[in-house]
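Subject: Structure handover

Hello,

Here is the structure for you to open alongside this note. My findings follow below it.

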Amino acid sequence: MDEVIKKEPKVNMVKKPKKLADPIKASIDESTQEMILRAQDLGIETVFDRAENMKPCNIGVQGTCCKNCGMGPCRLPLPKSGIGEEDDRKGLCGASANTIAARNFIRMIAGGAAAHSDHGRGVAEIFMSAARKETDAYRIKDKNKLLSIAPYFNVDTTVEVDGEKLDRDIDEIALEVGEKALHEWGKPEGELMYLKRAPAALYEKWKKNGVLPRNIDREIVEIMHRTHIGVDQDYKNLIKQGTRTAIADGWGGSMMATDLQDVLFGTPYPLQSEANLGVMKEDHVNIVIHGHEPILSEMIVATAQTKEMEDYAKSKGAKGIQLSGICCTANEILQRHGVPLCGTFLQQELAIITGACDAMVVDIQCIFQNVANVARCFHTKLITTHPIAKMEQDNVIHIEFDEHYAMEDAKKIIKIAIDNFENRGSDVMIPTHKAPQIAGFGVEAIQYHLGGTFRGSYYTLNDNIINGRIRGVAGVVGCNNARTRHNEGHIAVVKELLKNDVIVLTTGCNGIACAMEGLLTPESASVFCGPGLAEVCETVGIPPVLHVGSCVDNSRILLAATEMVKAGGLGNDISDLPVAGSAPEWMSEKAISIGHYFVTAGVYTVFGVTLPTSGAPVFQKYIFEEFEKLYGGMWDLEVDPIKHAKKMIAHIDKKREALGIDRARERIMVDMATRREMESV
Ligand code: BF8
C-alpha cells in the first residue's frame, strides 16, 4: 500500500506581493500611462495590473479545453513533442481536438451574434414604439433612410389611388418595416430578407454552401444544441453552422441595428470632435456614458443640452455639463452628435481614476465589473440602466431605463451626476492629452465624398483604386486586449497600411485608438500616407482613416464593399475586391463573429494577439486555407503588427493582379477623333 503522506499546514504563509504593470509597457498612449501610474500611487488596481498577476490558461488559449459536460473539463493541449503521425488526443467522450476547438469557436460566434442581435432587437422594439407613437421621446428622424431600407423588407413606399401613384404615409411605412424587421428574429420559415443586399455572386455562394440563415434566434440556438455533448462531432459541419450564424449577425441583427438606429437617430455625416481622457473638464459636471446601445445615451445627450439642466449644473457651482463616451456607446453618440470620446475599452477604469467623473452611466457589453470597485474609491456614482446588465456591488445604483419615460429617466440620471459634483475630492487629475478628429462616415457619407451625388455610386473610389492612387481598402476594427500593449497593434497596423496607400475604414475601439492618435483628421494624410492616398485625401478633404461607427456598424463596411462591387470595374463579388480585414487587438466574442462574417463575405481577415484554434491544427488549416475555396475569404493570425499589415497588403496586391490593375494606370482623356480611330481598328 502506498504510504499516505500527510501535508503539514503551512504556517506564516506570506502572500506574494502583487505585481504592478509597467505603464510604458502597458500602453503607447501617454494619458493612459499617466493614469496607470496615478492608480498605482493611489493603491487602486486596474486591468493592467491584473494582467500581470493572472496568466491566461495555456489550454484555453489553444481552444482545446472542453467544458461542455460534467465529465470534463477535458484538456487537450498540443503535446510538447508535437503531434506524431496521428493526432490521438481525445476527450472522455472521444471528442477530437478539432471537434473541441470548432465547438468552442462557434460558441464564441453564438455569443457575439447574440450580443449584436439582441442589441438590434432592442432597437427594433423601440422603433415599433416610435412607429406606433407610444412614446414622445423617439420618432422617425431620417425619413430618407427609412425609404431606402423599406424595399429590402418588401414594404411599399407608394400607394396607388385612382390609378395614380402617391407617396405612402411615412408612419404606415415605419410600422410595416418595424413589424417585418422584428419578424427576422424568429420567423418560422424562409431566410433573412437582408441577404439579398449582398452581391448576387456572394448570395449564390452562400446558397451553394447551404449557409443561408433562416432566422437570427434559430441559428444561435442551433449552435448551442449542436455543441451540447454528443451532437455534432464534425468540425466542418460545426463551422458551417458558425458561418450561418455569423452571416445572421452581419447581414441580419447588426445590419438592422445600424439601419433602424439611423432612421430613429439620424444617419451619420462627418462632424468634428475630440478624443482621449483629456476631453473631461475639471470645472464641469462630467458624465461618462459607457456601453453599446444608443437608446438611452441619445436621451442623455438631448436632456443634458436643455437649459434646465445647464442651469441646474451652474446652480451647483459647475460651469456646465461635459458628456463623453467609452466603448461603442461613445462611437454612437460621436457619429451623430459629435460627443467626444473619453477612451477605449481599456481606459474605462482610468476615466474614474481622474477623480472628476461625477457619474458613469452604463448599459450593455464590454463593461468591467471592476469599475464598481474603482468607483468606490472616489465620489463617482456608477449607474446601471439595463435589466440584463446589473452588478453585485452595493455601491452601484440601478435605474432601469424605460422608453416610455425616456426623458424623465435621463433627467433623473443627469441630476444625480450634477448633485454629485460638490462631493468631488481634491484628488482630481485629468490628463491633458486629447486629439481632434473628424468622424461620422457612414456608407452614405463615403458615397458623397468619394462618389458624388450625381453618380450616386462609389465610382470615384473605384476609379482611384484602378488608377493605383489608392492601392486597396482595409477594414481595421475591434477591441483592446490587456494581453498586448494598449493601442500599439492598432496604430502600427493602420500606419503601415496608410504608408502603402491603403485607405482604412474603422469601427469600435480601433476607431477610438485612431482618433486618439490624430489619424482621423484630413491633415494626417500628408504625414502618414503614401503619395497616392495623400493626394486623394487632400483633394477630397477627408481623413485617410474613415470612422464608420460602432461594432454593429461593421455592417456598414459590408455595405461599403457591396457598393464597390456595384460601382463596377473591380469584379463581381466582394472576394474580387482589393480589400482586407483586421482586428489587431481583439478580445471579445463579438470580434470572432465579426471576423467570421468578414471571412464568409469573401474578405481575407487577420487577427492579432492569438486565436483559440492553434491547438487544433487541422481545424485551423480549414478556416485559414480551405475556406478561401468556399467563400473567397479566409482567417489568418499575425501577432507582429508590421507583418500583419504586410500580409494584408500582399492579399490586396494578389487581388489587384487578378483584376489586371497591378500596374498604376492614368486615365487618358481621349478626344472624339482619336476615339473614332481606335474604334475603327
Ligand atoms: O463592440 S471593439 S472592446 S467596445 S467588443 Fe468592446 Fe471590442 Fe471595443 Fe464595442 Ni466592439
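The largest cavity has a volume of about 130 Å³. Its lining has 14 residues, and Gly475, Ile557, Ala561, Val579 and Val603 sit closest to the centre. Bear in mind that this is a predicted model. Three elements each give at least two residues to this lining: strand E13 (472-476), H23 and strand E16 (579-583). H23 gives the most, with 5 residues. By class, the lining of the largest cavity is 13 nonpolar, 1 polar and no charged residues.

The search of the whole structure found 6 cavities of 30 Å³ or more. The second largest cavity holds about 100 Å³ of space. Several cysteines help to line it: Cys66, Cys69, Cys74 and Cys93. Asn68, Met71, Gly72, Gly91, Leu92, Ala95, Arg103 and Ile229 are also in that lining. The split here is 8 nonpolar, 3 polar and 1 charged.

Now the ligand.

Which protein atom binds the nickel atom of the ligand as a donor? The single donor from the protein is SG of Cys551, 2.2 Å away. Look for Cys551 in the loop between strand E15 (545-547) and helix H23 (554-567). H23 is also the top contributor to the lining of the largest cavity. The nickel atom has 4 donor atoms, with angles of 91 to 154 degrees among them. The site is irregular. Why is it not tetrahedral? Four donors count as tetrahedral only if all angles lie between 85 and 135 degrees, and the angles here run up to 154 degrees.

The residues surrounding the ligand include Cys327, Cys328, Cys366, Cys479, Cys509 and Cys551. His292, Phe345, Gly478, Met587, Ser588 and Lys590 are there too. By class, this shell has 8 nonpolar, 3 polar and 1 charged residues. Cysteine counts as nonpolar in that tally.

Two side chains make polar contacts with the ligand. A polar side-chain atom of His292 lies 2.7 Å from an oxygen atom of the ligand. For Lys590, an N or O atom of the side chain is 2.8 Å from an oxygen atom of the ligand.

On to the pockets.

The largest pocket has a volume of about 720 Å³. It is lined by 19 residues, and Gly60, Val61, Met108, Trp586 and Pro612 are the closest to its centre. Helix H4 (58-62) and helix H5 (97-131) each supply at least two lining residues. The largest share, 3 residues, comes from H5. The lining of the largest pocket has 9 nonpolar, 6 polar and 4 charged residues.

The second largest pocket has a volume of about 490 Å³. Its lining has 21 residues. Nearest its centre are Gly122, Glu293, Ile364, His386 and Pro387. Two elements give two or more residues to this lining, H5 and helix H11 (294-304). Which element gives the largest share of the lining of the second largest pocket? That is H5, with 8 residues. The lining divides into 10 nonpolar, 5 polar and 6 charged residues.

When you go through the model, start with Cys551 and the nickel atom. Then follow H5, which gives the largest share of the lining in the largest pocket and in the second largest pocket.

Best wishes

Notes. Residues are numbered from 1 along each chain as its sequence is written. This is a predicted model: local features need pLDDT of at least 70, side-chain atom pairs count only at pLDDT 80 or more; totals for chains, interfaces and linings use all residues. Side-chain values use heavy atoms; hydrogens and water are left out. Donors are N, O and S atoms within 2.8 Å of the metal (3.2 Å for Na, K and Ca); water is not among the atoms, so sites may look incomplete. Four donors count as tetrahedral if all angles lie between 85 and 135 degrees; four count as square planar and six as octahedral if opposite donors are over 155 degrees apart and all others between 65 and 115; anything else is irregular. Helices (H or I, at least four residues) and strands (E, at least two) are DSSP runs, numbered from the N terminus. A residue is near a molecule or strand if one of its heavy atoms lies within 4 Å of it. A polar contact is a pair of N or O atoms within 3.5 Å; within protein, one must be able to donate a hydrogen and the other to accept it, and residues adjacent in sequence count only if both atoms are side-chain atoms. On a 1 Å grid over the protein atoms alone, a cavity is a set of points where a 1.4 Å probe fits but cannot get out, and a pocket is an open set with protein on both sides within 12 Å along at least five of seven lines; lining residues have an atom within 4 Å of a point. Grid points are joined across faces, edges and corners, and a volume is the space filled by probe spheres set on the points.
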